[in-house]
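Trainee: Could you walk me through one part of this protein up close? I'd like to hear about the second largest pocket and then the salt bridges, with a bit of context to get my bearings.

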Amino acid sequence: MVSEETKSKKQRNEECIINCLPGDLIERIFLRLPVSTLLSVVGVCKQWLEIIRDPQFVSSHLQDAPNCALLFFPQESISGKPYPADAIVIDESWSQSSYAVPVIGPDDFLCGSCNGLLCLYTKTSTIKIANLATGEYLHLEKPVKNVRGDHYLFYSFGCHPLTKQYKITHFLDDCAEGLPRTHKNKRFSVIQVYTLGDEKWREIRTPEAQSLNCVKTSGAINVDGIMYWLTEDIAASWQHAVMTFDLNDENFARIELPAYVPEDCSYGGPRQYWVREIDGKLCIATAQTCRDRPRDILGKLQIWTLDNKAEQRWSQKYNIQSPDYIPGPNLVHGDKIMLQRRNCNLYSYELLGENLNTNLCKISKLLDFCPRKPGNMQSYICVKSLVRLDVYKKAGIVRRSKQREGWELKKWEAWEQEFSETEKMWSGTYQDEQKGTAYANRNGKALNALLPHILDDDIRQEIGMKINQIFPNFPDQQPRPLRRLNCMASNLDRENLIGRMKNWNSITKATRQATGSIISMMRSAVDAQVGASSSNAVISDQNHSNGDDTKA
């Protein structure tokens with residue numbers, strides 16, 4: 001027999017107006033909803049679950065998903081203090097997220113983003129693939145364990161639009177194969193490839209040995225299922241060329257860079273080149289760097305775009321004056337470019353003009369990421385999607401982490417303690433505010449009870465008005481967030497806490513002073529009344545004495 005509770009739930013589903021609509025119309029409505037809303041209603045009924053989890057619906061929803069910028073700060077040590085990995089999401093309206101991204105652990109490094117999935121390099125023996133929006137993730141066994149000098153920048157992640165296959169690539173250091181090399185001239189001759197769902201990694205040989213240091217310095221990107229990176233070419237005008245690797249047929253190709261030779265100043269350092277993506281196109285950014293600070297940009301930053309891959313035709317897109325650092329692999333979000341300064345601030349600029357006449361206008365400060373090092377921040381353009389990972393969990397290289405990881409590690413105990421202390425201070429401040437309000441209310445009632453003893457109407461009215469003003473006006477007590485805040489929001493939260501504590505001290509001090517002043521006024525009024533009463537009594541006694549003398 002069906003229970004009443006089950007029956008009423010079934011009735012509600014049948015009577016729900018939206019369920020009376022055709023299935024394709026419900027799907028069209030759902031396509032307009034953000035991922036967060038769809039995740040909150042996925043369990044309403046079986047029909048909604050089937051629609052939201054349908055692969056075709058997931059693909060259609062992904063196509064119209066708005067872009068957001070993901071700013072990633074890797075784990076680093078500053079003045080001997082470890083700082084955990086952290087991320088800030090900036091949506092299409094340039095609003096910044098306040099909460100930490102749950103799938104990013106304190107020791108993770110970001111090495112790729114595609115269709116709402118993040119590829120995270122861990123210090124353990126696994127690579128982590130995680131969905132930014134749903135929180136779903138899986139650990140994959142690394143292709144080579146305990147390779148000395150392995151780095152998160154040697155990994156890349158992408159998806160080919162035709163096959164819909166997600167692939168992780170790894171530039172394998174030749175030393176892992178026992179080939180000779182020097183520290184300053186690391187090279188790779190093999191790219192290791194893993195396709196999500198497969199049982200193992202595969203190795204694909206490059207046409208020739210290439211510079212691993214060049215990959216680490218310039219970066220690697222995936223655009224429309226093709227991976228791009230720079231390789232050395234001493235004979236070329238820029239002494240570099242672009243290498244490509246197609247994620248579909250897994251073939252290599254080479255693209256020559258522009259013949260234009262940039263002019264460098266004599267007092268500057270070497271010229272640097274970076275692989276970047278702007279508006280879904282491969283871009284090469286180049287600038288001369290400072291002699292004593294090789295990561296700092298000197299002079300103008302030139303950005304070239306590959307307009308035609310088959311013809312290898314390039315055009316100069318931007319010529320930007322004096323940014324200090326260039327984030328990547330994505331530096332343009334919407335119609336603005338993001339650039340870093342040495343003061344640890346990140347700014348957005350509107351780009352006006354074309355080619356050599358490009359100007360930076362309408363500057364807006366996005367955030368202050370001090371004490372983080374300005375050259376370490378990464379920026380990715382990503383989306384929030386419903387792409388599922390459970391279909392890949394049965395693959396042979398999927399691993400369950402057996403070690404303690406994340407915030408459980410001992411080195412993050414101080415951060416956890418600081419987080420706990422902050423929450424205790426907020427709780428204590430709220431309690432102090434409540435006690436202060438209760439104390440003021442009790443004093444107000446006691447003082448109001450004494451008002452009838454003040455006979456002078458003007459004085460009584462004045463004191464009554466002052467009593468009404470002593471009640472403290474504390475800000476509303478907002479519920480504390482259950483989720484961990486990101487680094488910028490945590491800094492702001494601590495500033496708000498300090499400000500609120502100072503405000504409490506000021507209000508409490510002012511309330512006590514006002515209460516003391518009122519008590520003094522009431523004493524003076526009572527004393528005046530007593531004095532006046534005594535004087536009247538003396539005058540009355542004198543009048544009686546004078547009357548008796550007259551009679552006598």
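Mentor: Happy to. The protein chain exposes about 29,700 Å², and carbon and sulfur atoms supply 50% of that area. Keep in mind that this is a predicted model. Of the chain's 552 residues, 45% count as buried. You'll find 9 helices and 26 strands along it. If you take contacts between residues at least 6 apart in sequence, 55% of them join residues at least 24 apart.

Now for your pocket. The second largest one has a volume of about 970 Å³. Its lining is made of 49 residues, and those closest to the centre are Pro84, Ala85, Pro106, Trp407 and Arg484. Several elements give two or more residues to that lining: strand 3 (81–83), strand 4 (86–90), strand 8 (137–141), helix 7 (413–450) and helix 9 (487–551). Helix 9 supplies the largest share, with 6 residues. As for chemistry, the lining splits into 22 nonpolar, 10 polar and 17 charged residues.

On to the salt bridges, which number 16 in this model. Start with Lys128 and Asp108, whose side chains meet at 2.8 Å, N to O. This pair links distant parts of the chain: Lys128 sits in strand 7 (residues 126–131), while Asp108 is in the loop between strand 4 and strand 5 (109–114), 20 residues away. Both partners fall under the 20% cut-off for buried, because Lys128 has a relative accessible area of 9% and Asp108 comes in at 6%.

Compare that with Arg187 and Glu232, which pair up at 4.0 Å, N to O. Arg187 belongs to strand 11 (residues 187–195) and Glu232 to strand 14 (residues 226–232), so this bridge ties together parts that are 45 residues apart in sequence. Here the partners are partly exposed, with Arg187 at 22% relative accessibility and Glu232 at 40%.

Then there's Asp390 with Arg388, another side-chain pair, at 2.6 Å, N to O. Asp390 counts as partly exposed at 30% relative accessibility, and Arg388 is partly exposed too, at 29%. Beyond simple pairs, salt bridges that share partners join Glu208, Asp233, Arg254 and Glu256 into one network.

Conventions. Residues numbered from 1 in each chain as written. Predicted model: local features only at pLDDT ≥ 70, side-chain atom pairs only at ≥ 80, totals over all residues. Heavy atoms only, no water. 1 Å grid on protein atoms, 1.4 Å probe; cavity = no way out; pocket = protein on both sides within 12 Å on 5 of 7 lines; lining within 4 Å. Points joined across faces, edges and corners; volume = space filled by probe spheres on them. Helix = DSSP H or I, 4+ residues; strand = E, 2+ residues; numbered from the N terminus. Nonpolar A, V, L, I, M, F, W, Y, C, P; charged D, E, K, R; others polar. Buried < 20%, exposed > 50% of the residue type's maximum accessible area, 1.4 Å probe, protein only. Contact = heavy atoms within 4.5 Å. Areas by Shrake-Rupley, 256 points an atom, 1.4 Å probe, with all protein chains shown as cover.
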